[in-house]
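Work through the exercises below with the sequence and the model in view. Each task is followed by a solution in steps.

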Amino acid sequence: MEDRELAAQLRCPNGADAAEVAGRMNEANRSLNHKCIDLLQIFAADRILEIGPSNGAFVDRIVNKAAEVHYTGLDWSADMVAEAGEANAGAVTSGSARFLQGSSDSMPFEEASFDKALTVHTLYFWETPTDHLAEVRRVLNPGGLFCIAFGDLEFMQHLPFVPYGFRLYDAILGQELLRSSGFDVLEFQQHRETEVGNTGEEVEKIINIALCQRC
Ligand SMILES: C[S@@+](CC[C@H](N)C(=O)[O-])C[C@H]1O[C@@H](n2cnc3c(N)ncnc32)[C@H](O)[C@@H]1O
């Protein structure tokens with residue numbers, strides 16, 4: 001796949017290539033997603049929002065963390081929403097998960113609808129990130145937790161698909177953005193791993209993970 005095409009698929013997986021791209025992301029991002037889910041400290045009856053779950057490969061880990069957890073996945077790709085619903089049919093039928101199409105800068109939820117939120121590898125695609133973060137803040141309970149993970153500028157800038165529409169952040173810029181959007185950064189860490197990336201080649205990844213609290 002051409003770099004421009006891969007960038008477009010990562011931004012919004014769709015069409016004939018979507019399932020393959022999503023499958024590759026699941027492999028590449030598994031340990032990172034597990035770490036973010038574990039950081040959120042999910043308790044019984046928590047209402048969890050995930051922005052950009054793609055095909056919902058890690059929903060099981062979330063809903064099985066505690067009793068009566070309710071999961072909402074919001075993705076702007078209609079193909080991913082459909083795939084995630086099929087892959088998690090049991091959780092959808094039992095009422096513990098739902099998948100909706102939409103963008104995080106305008107969410108169809110009331111204020112304080114969620115106790116916790118997470119998003120992994122999505123920040124780069126947000127034209128006005130403050131609009132998205134203001135919405136996350138609005139739909140979170142006061143004191144609610146938000147985990148966001150994004151590849152660091154230092155390693156991302158060398159990836160061949162990044163010139164096609166990615167906005168990059170380092171640890172300082174990312175934390176400034178979160179604080180100025182009304183979040184306390186409780187914990188900030190760098191997740192490092194060598195893995196096969198989206199291009200199919202081995203890459204040393206540096207991923208920033210921020211665990212925040214809605215002020
Ligand atoms: C690069 S993929 C990452 C998928 C998954 N979170 C992971 O870690 O493998 C980005 C996904 O987020 C979705 N997405 C990105 N920004 C979004 C936003 N602001 N609102 C809703 N969906 C978004 C895309 O459609 C895509 O499915």
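Helices (H or I, at least four residues) and strands (E, at least two) are DSSP runs, numbered from the N terminus. The model is predicted, so local features need pLDDT of at least 70 and side-chain atom pairs count only at pLDDT 80 or more, while totals for chains, interfaces and linings use all residues. Residues are numbered from 1 along each chain as its sequence is written, and side-chain values use heavy atoms, with hydrogens and water left out.

**Exercise 1. Place Thr122 and describe its surroundings.**

Step 1. Thr122 lies in the loop between E4 and H6.

Step 2. Thr122 has a relative accessible area of 9% and is buried. Buried means under 20% relative accessible area, exposed over 50%, and partly exposed in between (1.4 Å probe, protein chains only).

Step 3. The side chains of Thr122 and Thr119 make a polar contact of 2.6 Å. A polar contact is a pair of N or O atoms within 3.5 Å; within protein, one must be able to donate a hydrogen and the other to accept it, and residues adjacent in sequence count only if both atoms are side-chain atoms.

**Exercise 2. Find the sign of phi in His121 and in Glu68, and state whether each residue is buried or exposed.**

Step 1. Most residues other than glycine have a negative phi.

Step 2. His121 has a positive phi, near 60°. His121 is placed in the loop between E4 and H6 and is buried at a relative accessible area of 17%.

Step 3. Glu68 also has a positive phi, near 55°. The loop between helix H3 (59–63) and E2 holds Glu68, which is exposed with a relative accessible area of 71%.

**Exercise 3. Classify the ring pairs that involve Phe166 and Phe125 or Phe161.**

Step 1. A pair of aromatic rings is described by the distance of the centres and the angle of the planes. Rings of Phe, Tyr and Trp (its six-membered ring) pair if their centres lie within 6.5 Å; planes under 30 degrees apart count as stacked, over 60 as edge-to-face and the rest as tilted.

Step 2. The structure has eight aromatic pairs. In one of them, Phe125 and Phe166, the ring centres are 4.9 Å apart and the planes are at 70°, so the pair is edge-to-face.

Step 3. Phe125 belongs to the loop between strand E4 (114–120) and helix H6 (129–139), and Phe166 to the loop between helix H7 (153–156) and helix H8 (171–180), so the pair ties together parts that are 41 residues apart in sequence.

Step 4. Phe125 is buried at 7% relative accessible area, and Phe166 is buried at 13%. For Phe161 and Phe166 the centres are 5.5 Å apart and the planes at 55°, so this pair is tilted.

Step 5. Phe161 is buried too. One aromatic cluster is formed by Tyr124, Phe125, Phe161 and Phe166.

**Exercise 4. Where does the ligand sit, and which residues come nearest?**

Step 1. The ligand sits in the largest cavity. On a 1 Å grid over the protein atoms alone, a cavity is a set of points where a 1.4 Å probe fits but cannot get out. A molecule sits in a cavity if more than half of its atoms lie within 2 Å of its grid points.

Step 2. The elements that give two or more residues to the shell around the ligand are helix H1 (3–11), helix H2 (18–39) and strand E2 (70–75). H2 supplies the largest share, three residues.

Step 3. There are 23 residues around the ligand, and Asn29, Gly52, Asp75, Ser104 and Val120 come nearest. A residue is near a molecule if one of its heavy atoms lies within 4 Å of it.

Step 4. Nitrogen atoms of the ligand have polar atoms close by: a backbone atom of Val120 at 3.0 Å, a side-chain atom of Trp126 at 3.0 Å and a side-chain atom of His132 at 3.4 Å.

Step 5. Taken alone, the ligand exposes 600 Å², and the protein buries 98% of that. Accessible areas come from the Shrake-Rupley method with a 1.4 Å probe; for residues, only the protein chains shown count as cover.

**Exercise 5. Describe Asn208 in its strand.**

Step 1. Asn208 is in strand E7 (residues 202–214).

Step 2. Asn208 counts as buried at 0% relative accessibility, and its side chain joins that of Gln190 in a polar contact of 2.8 Å.

Notes
On a 1 Å grid over the protein atoms alone, a cavity is a set of points where a 1.4 Å probe fits but cannot get out, and a pocket is an open set with protein on both sides within 12 Å along at least five of seven lines; lining residues have an atom within 4 Å of a point.
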